[in-house]
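Welcome, and please get your viewer ready. We will move from one selection to the next, with a short note on what to look for at each stop.

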Amino acid sequence: MKLTDIFWPFRSDMDYIERELDRAIDTKEPVLQKTSSHLLKAGGKRIRPVFVLLGGKFGNYDIERLKHVAVSLELIHMASLVHDDVIDDAELRRGKMTVKSKWDNRIAMYTGDYIFARALMIATELSNPQIHKILSRAIVDLCTGEIEQIRDLHNWNQSLRNYLRRIKRKTALLIAISCQLGALAADATPDVVHRLYVYGYNVGMAFQITDDILDFIGDEKKLGKPAGSDLRQGNITLPALYMYHVSPDARCFRELVKENRVDEMIRVIRESEGIQVARRLAERYLTRAAQALTPLPDNKSKDALLKIACFIGERQF
């Protein structure tokens, strides 16, 4: 299964959102235009706008209203990636040069700031203050999650709870509110809005855990970055935490950590039960996501949401 197959019935609206994204970053300042366009053209799954549109299908669907939410959320995501690449000193993103590597850190930071600002400006096109409040809170949580990640770099004593809270703020919340705000902007009932939020939260948690698994076992060409990138940067994710704290081979693994033998650490984690433990946790989140949708009416949008959850559980990049 491919995302493009799931998105196919919504391709015309997604093409429209893509054009709106291009319009959203348009500026007369030539450097910002080049850097923002470079980021946009690098592509991406556009999963957040898709969730907005699918959420909107459970209410009074109006692409002219929903586009403001869809574009804003994707811009917030894009801006966070630019800042992430500066913090991580990343040279590649999706197999292409990052803004910081093609220009420099200063340009990258201001590009991220510009895209964040454009996201908030576009959101003001909708008069619903609840939407503005949810969006603003999401940016606060996103920044908090980034700070928590910096705090926990190279911290092998962090707990599973720390890890889960961090990925909730960094990834899951933005996906959750994509589903939530799509329904809210379409005037869906409160119960539907809540259920779509719960679905999005659980899918978002599974999405990030799967990302963390693929960082160790994924195809480097498909991922667009070297295997074990997170661990090399000091970002300790679930498979590594399991190996350090729970695995029967934890004592030997801790020696590798103590000696900073990163390549060997990555090899051991790849072959460890930690990968399967992480997969099982991701599957639990996906089961909860599907359960949240059960009372909703059966339609093409519900079917697409269930298929996206399956894709996340099976994806290879």
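## Stop one: a residue and its neighbours

Start by selecting Val203, then add the residues in contact with it: leaving aside anything up to four places away in sequence, Val203 touches Phe51, Ile175, Leu286, Ala289, Ala309 and Ile312. Keep in mind as you look that this is a predicted model. Now colour residues 190-217, which form helix α10, and you will find Val203 within that helix. Is Val203 buried or exposed? Its relative accessibility is 0%, and with buried meaning under 20%, Val203 counts as buried. For a distance to try, pick the C-alpha atoms of Val203 and Gln276: these residues are 73 apart in sequence, and the two atoms are 18 Å apart in space.

## Stop two: zoom out

Show the whole protein chain as a cartoon, and you can trace 17 helices and two strands. The radius of gyration is 19 Å, close to the 20 Å that the globule rule gives for 317 residues, so the chain is as compact as a globular protein of that length. Turn the C-alpha trace along its principal axes and it spans about 60 × 50 × 35 Å.

Next, colour by burial: 56% of the 317 residues are buried. If you draw contacts with a separation of 6 or more, 75% of them join residues 24 or more positions apart.

Switch on the surface, too. The accessible area is about 15,100 Å², and carbon and sulfur atoms account for 52% of it. Colouring by charge brings up 48 positive and 42 negative side chains, with the centres of the two sets 1 Å apart.

## Stop three: two loops

Most residues other than glycine have a negative phi. Select Arg46, which is not a glycine and yet has a positive phi of about 55°. Arg46 sits in the loop between α3 (30-41) and α4 (47-56), and it is buried at 7% relative accessible area.

Then jump to Asn260, another non-glycine residue with a positive phi of about 55°. Look for Asn260 in the loop between α14 (250-258) and α15 (262-270). Asn260 is exposed, with a relative accessible area of 56%.

## Stop four: cysteines

How many disulfides does the structure hold? The count is zero. Select Cys310, which is in no disulfide: the nearest cysteine sulfur belongs to Cys179, 15 Å away. Cys310 counts as partly exposed, at 41% relative accessibility. Finish at Cys252, which is exposed with a relative accessible area of 57%.

Conventions
Residues numbered from 1 in each chain as written. Predicted model: local features only at pLDDT ≥ 70, side-chain atom pairs only at ≥ 80, totals over all residues. Heavy atoms only, no water. Helix = DSSP H or I, 4+ residues; strand = E, 2+ residues; numbered from the N terminus. Rg over C-alpha atoms; globule rule 2.2 N^0.38 Å. Buried < 20%, exposed > 50% of the residue type's maximum accessible area, 1.4 Å probe, protein only. Contact = heavy atoms within 4.5 Å. Areas by Shrake-Rupley, 256 points an atom, 1.4 Å probe, with all protein chains shown as cover. Lys, Arg positive; Asp, Glu negative; His and termini not counted. Charge placed at Lys NZ, Arg CZ, Asp CG, Glu CD. Disulfide = S-S within 2.5 Å.
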